[in-house]
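Please look over the structure shown here. A short report on some of its helices, aromatic rings and surface follows.

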Amino acid sequence: DGIIALDTEGKISEMQYEALKVKLLENPKIKQVVGGPLPGRTMTTAIQNRQGESFDIHIAYILDDYPALLDIEMIDGHSFDFNQAINDTDVIVNEEAYKLLGLSNQDNTFFYNELSLQTFMTTRKEMKAIGVMKDYHFANFKNEIGPLFIQISKSKGLKEQIGIKFNNTSATEILALIAATWHELNIEQPLSYHFLSDSYSNFHSEENSIASGFKYISYLAIALSALGLFGLSSLDVKRSFKNISIKKVVGASSRLISREYLKSYLSLALLCSVIGISIAFWLIQNWLEAYVYRFEIDIMTITLPVLLMLFMAVASIFYNVFTAASVNPVENLKKE
(Lines give C-alpha, C1' and ligand atoms only; values in the text may rest on other atoms or scores of the structure.)
Protein backbone atom coordinates (compact mmCIF):
# COMPACT_ATOMS: atom_id res chain seq x y z
CA ASP A 1 0.00 0.00 0.00
CA GLY A 2 1.06 3.59 -0.59
CA ILE A 3 3.33 2.86 -3.56
CA ILE A 4 2.80 4.27 -7.07
CA ALA A 5 4.58 2.73 -10.06
CA LEU A 6 5.47 4.99 -12.99
CA ASP A 7 6.05 3.12 -16.27
CA THR A 8 9.19 4.46 -17.97
CA GLU A 9 9.45 1.99 -20.90
CA GLY A 10 13.17 2.86 -21.00
CA LYS A 11 12.44 6.38 -22.32
CA ILE A 12 13.64 8.42 -19.35
CA SER A 13 17.31 9.33 -18.93
CA GLU A 14 19.32 9.04 -15.74
CA MET A 15 19.56 12.84 -15.57
CA GLN A 16 15.77 13.19 -15.84
CA TYR A 17 15.32 10.53 -13.20
CA GLU A 18 17.67 12.28 -10.77
CA ALA A 19 15.91 15.61 -11.35
CA LEU A 20 12.50 13.98 -10.85
CA LYS A 21 13.71 12.30 -7.68
CA VAL A 22 15.12 15.52 -6.18
CA LYS A 23 11.98 17.54 -6.99
CA LEU A 24 9.60 14.92 -5.56
CA LEU A 25 11.61 14.37 -2.37
CA GLU A 26 11.38 18.09 -1.63
CA ASN A 27 7.79 17.35 -0.63
CA PRO A 28 7.69 15.80 2.87
CA LYS A 29 4.74 13.63 1.82
CA ILE A 30 7.01 11.67 -0.56
CA LYS A 31 9.04 9.11 1.41
CA GLN A 32 11.06 7.41 -1.31
CA VAL A 33 11.71 7.37 -5.07
CA VAL A 34 13.38 4.27 -6.54
CA GLY A 35 14.07 3.14 -10.09
CA GLY A 36 13.54 -0.55 -10.81
CA PRO A 37 10.98 -3.16 -11.85
CA LEU A 38 8.28 -3.57 -9.22
CA PRO A 39 6.65 -6.99 -8.58
CA GLY A 40 5.24 -8.41 -11.80
CA ARG A 41 7.90 -6.87 -14.05
CA THR A 42 11.15 -8.74 -13.30
CA MET A 43 13.40 -10.12 -16.06
CA THR A 44 14.23 -13.82 -16.32
CA THR A 45 17.38 -15.56 -17.51
CA ALA A 46 18.71 -19.12 -17.52
CA ILE A 47 21.44 -20.00 -15.04
CA GLN A 48 23.35 -23.05 -13.81
CA ASN A 49 24.27 -23.95 -10.25
CA ARG A 50 27.44 -25.69 -9.08
CA GLN A 51 25.95 -29.11 -9.83
CA GLY A 52 25.34 -28.12 -13.46
CA GLU A 53 21.57 -27.97 -12.99
CA SER A 54 19.87 -25.31 -15.12
CA PHE A 55 16.93 -23.20 -13.98
CA ASP A 56 15.41 -19.80 -14.63
CA ILE A 57 16.24 -16.98 -12.25
CA HIS A 58 14.49 -13.61 -11.97
CA ILE A 59 16.51 -10.39 -11.98
CA ALA A 60 15.57 -6.93 -10.78
CA TYR A 61 17.97 -4.21 -11.98
CA ILE A 62 17.53 -1.28 -9.63
CA LEU A 63 18.63 2.22 -8.66
CA ASP A 64 18.55 3.39 -5.04
CA ASP A 65 17.17 1.49 -2.06
CA TYR A 66 14.70 -0.92 -3.66
CA PRO A 67 14.58 -3.34 -0.67
CA ALA A 68 13.54 -0.48 1.64
CA LEU A 69 10.82 0.61 -0.81
CA LEU A 70 9.14 -2.81 -0.53
CA ASP A 71 10.07 -3.38 3.13
CA ILE A 72 12.03 -6.49 2.17
CA GLU A 73 13.46 -8.23 5.23
CA MET A 74 17.13 -9.25 5.20
CA ILE A 75 17.76 -12.57 6.95
CA ASP A 76 21.53 -12.83 6.35
CA GLY A 77 24.30 -10.50 5.30
CA HIS A 78 23.31 -6.93 4.43
CA SER A 79 21.63 -4.83 1.78
CA PHE A 80 23.40 -2.33 -0.48
CA ASP A 81 25.17 0.63 1.14
CA PHE A 82 24.21 3.58 -1.02
CA ASN A 83 26.60 5.89 0.83
CA GLN A 84 29.57 4.09 -0.71
CA ALA A 85 30.64 3.33 -4.25
CA ILE A 86 28.55 0.42 -5.54
CA ASN A 87 30.29 -2.64 -6.90
CA ASP A 88 28.33 -3.82 -9.97
CA THR A 89 29.10 -7.44 -9.10
CA ASP A 90 27.36 -7.24 -5.71
CA VAL A 91 23.83 -8.63 -5.50
CA ILE A 92 21.32 -9.64 -2.88
CA VAL A 93 19.49 -12.92 -3.43
CA ASN A 94 16.26 -14.32 -2.04
CA GLU A 95 16.09 -17.52 0.00
CA GLU A 96 15.08 -19.61 -3.00
CA ALA A 97 18.02 -18.40 -5.12
CA TYR A 98 20.42 -18.93 -2.19
CA LYS A 99 19.24 -22.53 -1.93
CA LEU A 100 19.17 -23.38 -5.66
CA LEU A 101 22.56 -21.75 -6.36
CA GLY A 102 24.11 -23.73 -3.52
CA LEU A 103 25.58 -20.64 -1.84
CA SER A 104 27.09 -20.55 1.65
CA ASN A 105 28.89 -18.12 3.96
CA GLN A 106 32.18 -19.60 2.77
CA ASP A 107 31.34 -19.41 -0.94
CA ASN A 108 28.80 -16.75 -1.92
CA THR A 109 29.76 -16.27 -5.56
CA PHE A 110 28.04 -17.51 -8.72
CA PHE A 111 28.23 -16.93 -12.47
CA TYR A 112 25.59 -15.87 -14.94
CA ASN A 113 25.50 -14.63 -18.53
CA GLU A 114 24.77 -10.89 -18.48
CA LEU A 115 23.11 -9.31 -21.52
CA SER A 116 24.62 -6.08 -22.87
CA LEU A 117 22.01 -3.51 -24.00
CA GLN A 118 24.50 -2.01 -26.46
CA THR A 119 25.72 -5.13 -28.27
CA PHE A 120 22.99 -7.59 -27.23
CA MET A 121 25.79 -10.05 -26.52
CA THR A 122 26.12 -12.00 -23.29
CA THR A 123 29.22 -12.15 -21.14
CA ARG A 124 29.92 -14.57 -18.31
CA LYS A 125 30.06 -12.55 -15.11
CA GLU A 126 30.93 -13.52 -11.55
CA MET A 127 28.52 -12.14 -8.97
CA LYS A 128 28.82 -11.94 -5.19
CA ALA A 129 25.81 -12.35 -2.91
CA ILE A 130 26.33 -9.82 -0.11
CA GLY A 131 22.96 -10.53 1.51
CA VAL A 132 19.99 -12.88 1.58
CA MET A 133 16.49 -11.42 1.65
CA LYS A 134 13.37 -13.16 2.82
CA ASP A 135 11.25 -14.63 0.01
CA TYR A 136 8.47 -12.29 -1.07
CA HIS A 137 5.77 -12.65 -3.71
CA PHE A 138 6.75 -10.91 -6.94
CA ALA A 139 4.28 -12.98 -9.00
CA ASN A 140 0.93 -14.70 -8.43
CA PHE A 141 0.16 -17.42 -5.88
CA LYS A 142 -0.25 -20.17 -8.48
CA ASN A 143 3.48 -20.77 -8.58
CA GLU A 144 6.11 -21.19 -5.92
CA ILE A 145 8.25 -18.15 -5.16
CA GLY A 146 11.05 -18.40 -7.71
CA PRO A 147 14.75 -17.59 -7.34
CA LEU A 148 15.55 -13.87 -7.59
CA PHE A 149 18.53 -11.58 -7.27
CA ILE A 150 18.66 -7.80 -7.17
CA GLN A 151 21.52 -5.90 -8.80
CA ILE A 152 22.26 -2.19 -9.08
CA SER A 153 22.58 -1.06 -12.69
CA LYS A 154 22.35 2.56 -13.88
CA SER A 155 21.89 1.47 -17.48
CA LYS A 156 19.09 -1.04 -16.76
CA GLY A 157 17.50 0.27 -13.57
CA LEU A 158 15.28 2.71 -15.48
CA LYS A 159 14.18 0.30 -18.21
CA GLU A 160 10.93 -0.62 -16.49
CA GLN A 161 9.49 1.52 -13.70
CA ILE A 162 9.97 4.08 -10.97
CA GLY A 163 8.47 3.32 -7.56
CA ILE A 164 7.25 6.21 -5.40
CA LYS A 165 6.30 5.63 -1.77
CA PHE A 166 4.17 8.28 -0.08
CA ASN A 167 2.84 8.97 3.42
CA ASN A 168 -0.74 8.49 4.54
CA THR A 169 -2.20 11.26 2.44
CA SER A 170 -4.50 11.80 -0.51
CA ALA A 171 -3.39 9.76 -3.53
CA THR A 172 -4.99 12.39 -5.78
CA GLU A 173 -2.74 15.06 -4.28
CA ILE A 174 0.37 12.93 -4.81
CA LEU A 175 -0.59 12.13 -8.41
CA ALA A 176 -1.13 15.83 -9.13
CA LEU A 177 2.35 16.57 -7.73
CA ILE A 178 3.93 13.80 -9.85
CA ALA A 179 2.15 14.99 -13.00
CA ALA A 180 3.21 18.61 -12.46
CA THR A 181 6.85 17.61 -11.87
CA TRP A 182 6.80 15.21 -14.83
CA HIS A 183 5.62 17.94 -17.25
CA GLU A 184 7.93 20.55 -15.72
CA LEU A 185 10.92 18.35 -16.61
CA ASN A 186 9.61 17.92 -20.19
CA ILE A 187 9.87 14.15 -20.09
CA GLU A 188 8.79 12.90 -23.53
CA GLN A 189 7.37 9.63 -22.24
CA PRO A 190 3.63 10.12 -21.45
CA LEU A 191 2.91 9.77 -17.75
CA SER A 192 1.61 6.26 -17.11
CA TYR A 193 1.11 4.97 -13.59
CA HIS A 194 -0.66 2.42 -11.42
CA PHE A 195 -0.79 1.54 -7.74
CA LEU A 196 1.30 -1.42 -6.64
CA SER A 197 -1.67 -2.79 -4.67
CA ASP A 198 -3.56 -2.96 -8.00
CA SER A 199 -0.71 -4.99 -9.51
CA TYR A 200 -1.13 -7.65 -6.82
CA SER A 201 -4.89 -7.63 -7.43
CA ASN A 202 -4.28 -8.06 -11.18
CA PHE A 203 -2.17 -11.16 -10.48
CA HIS A 204 -5.50 -12.82 -9.65
CA SER A 205 -7.94 -10.90 -11.86
CA GLU A 206 -9.22 -14.17 -13.36
CA GLU A 207 -9.87 -15.64 -9.91
CA ASN A 208 -11.56 -12.42 -8.77
CA SER A 209 -13.88 -12.50 -11.81
CA ILE A 210 -14.73 -16.16 -11.19
CA ALA A 211 -15.38 -15.45 -7.50
CA SER A 212 -17.64 -12.52 -8.34
CA GLY A 213 -19.59 -14.61 -10.87
CA PHE A 214 -20.02 -17.55 -8.49
CA LYS A 215 -21.12 -15.23 -5.70
CA TYR A 216 -24.13 -13.99 -7.68
CA ILE A 217 -24.87 -17.49 -9.04
CA SER A 218 -24.85 -18.74 -5.44
CA TYR A 219 -27.26 -16.02 -4.33
CA LEU A 220 -29.58 -16.95 -7.20
CA ALA A 221 -29.32 -20.68 -6.43
CA ILE A 222 -30.10 -20.11 -2.73
CA ALA A 223 -33.09 -17.92 -3.60
CA LEU A 224 -34.46 -20.47 -6.10
CA SER A 225 -33.88 -23.32 -3.64
CA ALA A 226 -35.71 -21.48 -0.87
CA LEU A 227 -38.65 -20.62 -3.16
CA GLY A 228 -38.76 -24.18 -4.52
CA LEU A 229 -38.69 -25.71 -1.06
CA PHE A 230 -41.39 -23.34 0.16
CA GLY A 231 -43.59 -24.10 -2.86
CA LEU A 232 -43.07 -27.86 -2.60
CA SER A 233 -43.89 -27.97 1.10
CA SER A 234 -46.90 -25.70 0.56
CA LEU A 235 -48.23 -28.02 -2.17
CA ASP A 236 -47.59 -31.10 -0.05
CA VAL A 237 -49.40 -29.59 2.93
CA LYS A 238 -52.42 -28.62 0.81
CA ARG A 239 -52.67 -32.22 -0.38
CA SER A 240 -52.59 -33.36 3.27
CA PHE A 241 -55.29 -31.10 4.68
CA LYS A 242 -57.53 -34.10 5.38
CA ASN A 243 -54.84 -36.03 7.27
CA ILE A 244 -53.85 -32.95 9.25
CA SER A 245 -57.49 -32.22 10.16
CA ILE A 246 -58.16 -35.80 11.27
CA LYS A 247 -55.08 -35.74 13.49
CA LYS A 248 -56.26 -32.47 14.98
CA VAL A 249 -59.70 -33.92 15.67
CA VAL A 250 -58.25 -36.90 17.54
CA GLY A 251 -56.21 -34.56 19.73
CA ALA A 252 -52.82 -34.02 18.01
CA SER A 253 -51.32 -30.56 18.61
CA SER A 254 -50.11 -28.23 15.83
CA ARG A 255 -46.54 -28.57 17.13
CA LEU A 256 -46.66 -32.39 17.02
CA ILE A 257 -48.03 -32.40 13.47
CA SER A 258 -45.35 -29.89 12.36
CA ARG A 259 -42.65 -32.06 13.95
CA GLU A 260 -43.75 -35.15 11.97
CA TYR A 261 -43.51 -33.29 8.66
CA LEU A 262 -40.18 -31.75 9.63
CA LYS A 263 -38.63 -35.18 10.24
CA SER A 264 -39.38 -36.39 6.74
CA TYR A 265 -38.22 -33.18 5.05
CA LEU A 266 -35.12 -32.71 7.17
CA SER A 267 -33.87 -36.22 6.38
CA LEU A 268 -34.14 -35.40 2.65
CA ALA A 269 -32.52 -31.97 3.17
CA LEU A 270 -29.65 -33.56 5.08
CA LEU A 271 -29.15 -36.21 2.39
CA CYS A 272 -29.10 -33.51 -0.32
CA SER A 273 -26.61 -31.49 1.74
CA VAL A 274 -24.23 -34.43 2.05
CA ILE A 275 -24.39 -35.19 -1.70
CA GLY A 276 -24.09 -31.52 -2.78
CA ILE A 277 -21.31 -30.57 -0.40
CA SER A 278 -19.32 -33.74 -1.17
CA ILE A 279 -19.32 -32.84 -4.86
CA ALA A 280 -18.52 -29.18 -4.08
CA PHE A 281 -15.67 -30.20 -1.74
CA TRP A 282 -14.15 -32.45 -4.41
CA LEU A 283 -14.40 -29.72 -7.08
CA ILE A 284 -12.88 -27.04 -4.81
CA GLN A 285 -10.03 -29.30 -3.74
CA ASN A 286 -9.21 -30.09 -7.38
CA TRP A 287 -9.28 -26.38 -8.25
CA LEU A 288 -7.04 -25.43 -5.31
CA GLU A 289 -4.45 -28.02 -6.39
CA ALA A 290 -3.37 -25.54 -9.10
CA TYR A 291 -2.19 -23.11 -6.41
CA VAL A 292 0.94 -23.63 -4.37
CA TYR A 293 -0.22 -21.04 -1.83
CA ARG A 294 -3.83 -21.66 -0.88
CA PHE A 295 -6.22 -21.78 2.04
CA GLU A 296 -7.32 -25.06 3.56
CA ILE A 297 -11.03 -25.89 3.76
CA ASP A 298 -12.02 -25.98 7.44
CA ILE A 299 -15.04 -27.50 9.16
CA MET A 300 -16.96 -24.20 9.15
CA THR A 301 -16.78 -24.04 5.33
CA ILE A 302 -18.79 -27.28 5.29
CA THR A 303 -20.95 -26.70 8.36
CA LEU A 304 -22.36 -23.27 7.45
CA PRO A 305 -23.97 -24.32 4.12
CA VAL A 306 -25.54 -27.37 5.82
CA LEU A 307 -26.97 -25.21 8.60
CA LEU A 308 -28.26 -22.71 6.05
CA MET A 309 -30.01 -25.43 4.06
CA LEU A 310 -31.55 -26.99 7.18
CA PHE A 311 -32.71 -23.58 8.40
CA MET A 312 -34.45 -22.90 5.06
CA ALA A 313 -36.10 -26.32 5.21
CA VAL A 314 -37.30 -25.84 8.79
CA ALA A 315 -38.58 -22.29 8.14
CA SER A 316 -40.46 -23.27 4.96
CA ILE A 317 -42.02 -26.48 6.26
CA PHE A 318 -42.83 -25.22 9.74
CA TYR A 319 -44.59 -22.13 8.37
CA ASN A 320 -46.79 -24.12 5.95
CA VAL A 321 -47.58 -27.01 8.29
CA PHE A 322 -48.18 -24.83 11.33
CA THR A 323 -50.45 -22.53 9.32
CA ALA A 324 -52.49 -25.51 8.05
CA ALA A 325 -52.60 -27.13 11.48
CA SER A 326 -53.80 -23.90 13.10
CA VAL A 327 -56.93 -23.73 10.92
CA ASN A 328 -60.18 -25.12 12.33
CA PRO A 329 -60.17 -28.82 11.28
CA VAL A 330 -63.89 -28.68 10.57
CA GLU A 331 -63.27 -26.08 7.85
CA ASN A 332 -60.57 -28.26 6.25
CA LEU A 333 -62.79 -31.37 6.34
CA LYS A 334 -65.67 -29.46 4.69
CA LYS A 335 -63.32 -28.56 1.81
CA GLU A 336 -62.19 -32.16 1.49
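The notes below go through one helix, then the aromatic pairs, then a surface patch.

## Basis

This is a predicted model. Every value here is computed from it.

## Helix H9

Helix H9 covers residues 299-326, 28 residues in total. How far apart are its end C-alpha atoms? They are 39 Å apart. At 1.5 Å a residue, the helix should span 40 Å, so the two values agree.

Several H9 residues are buried. They are Val306, Met312, Ala313, Ser316, Ile317, Asn320, Val321, Ala324 and Ala325.

## Val306 and its contacts

Val306 sits in helix H9. Is Val306 buried or exposed? Its relative accessible area is 17%, and buried means under 20%. Val306 is therefore buried.

Which residues does Val306 touch, leaving aside those up to four places away in sequence? The contacts are Leu270, Ser273 and Ile277. Gly276 is 30 residues from Val306 in sequence. In space, the C-alpha atoms of Val306 and Gly276 are 9.7 Å apart.

## Aromatic pairs

The structure holds eight aromatic pairs. One of them joins Phe80 and Phe82. This pair is edge-to-face, with 6.1 Å from centre to centre and 70 degrees between the planes. Its two members are covered to unlike degrees, as their accessibilities show. Phe80 has 8% relative accessibility, so it counts as buried. Phe82 has a relative accessible area of 32%, so it is partly exposed.

Tyr136 and Phe138 also form an edge-to-face pair. Their ring centres are 6.0 Å apart, and the planes meet at 70 degrees. Here Tyr136 and Phe138 are both buried.

Which residues form one aromatic cluster? Phe110, Tyr112 and Phe149 do.

## A nonpolar surface patch

Turn now to the surface. Leu271, Ile275, Ile279, Trp282 and Leu283 make a nonpolar patch there. The patch has an area of about 540 Å².

Where does Leu283 lie? Leu283 belongs to helix H8, which runs over residues 254-288. Its relative accessibility is 48%. Exposed means over 50%, so Leu283 counts as partly exposed.

Note on methods:
Residues are numbered from 1 along each chain as its sequence is written. This is a predicted model: local features need pLDDT of at least 70, side-chain atom pairs count only at pLDDT 80 or more; totals for chains, interfaces and linings use all residues. Side-chain values use heavy atoms; hydrogens and water are left out. Helices (H or I, at least four residues) and strands (E, at least two) are DSSP runs, numbered from the N terminus. The expected span of a helix is 1.5 Å times one less than its number of residues. Buried means under 20% relative accessible area, exposed over 50%, partly exposed in between (1.4 Å probe, protein chains only). Rings of Phe, Tyr and Trp (its six-membered ring) pair if their centres lie within 6.5 Å; planes under 30 degrees apart count as stacked, over 60 as edge-to-face and the rest as tilted. Patches are made of residues with over 30% relative accessible area and no salt bridge: like charges are joined within 9 Å, nonpolar side chains (Val, Leu, Ile, Met, Phe, Trp, Tyr) within 5 Å. Accessible areas come from the Shrake-Rupley method with a 1.4 Å probe; for residues, only the protein chains shown count as cover. A salt bridge is a side-chain nitrogen of Lys or Arg within 4 Å of a carboxyl oxygen of Asp or Glu. Contact means heavy atoms within 4.5 Å.
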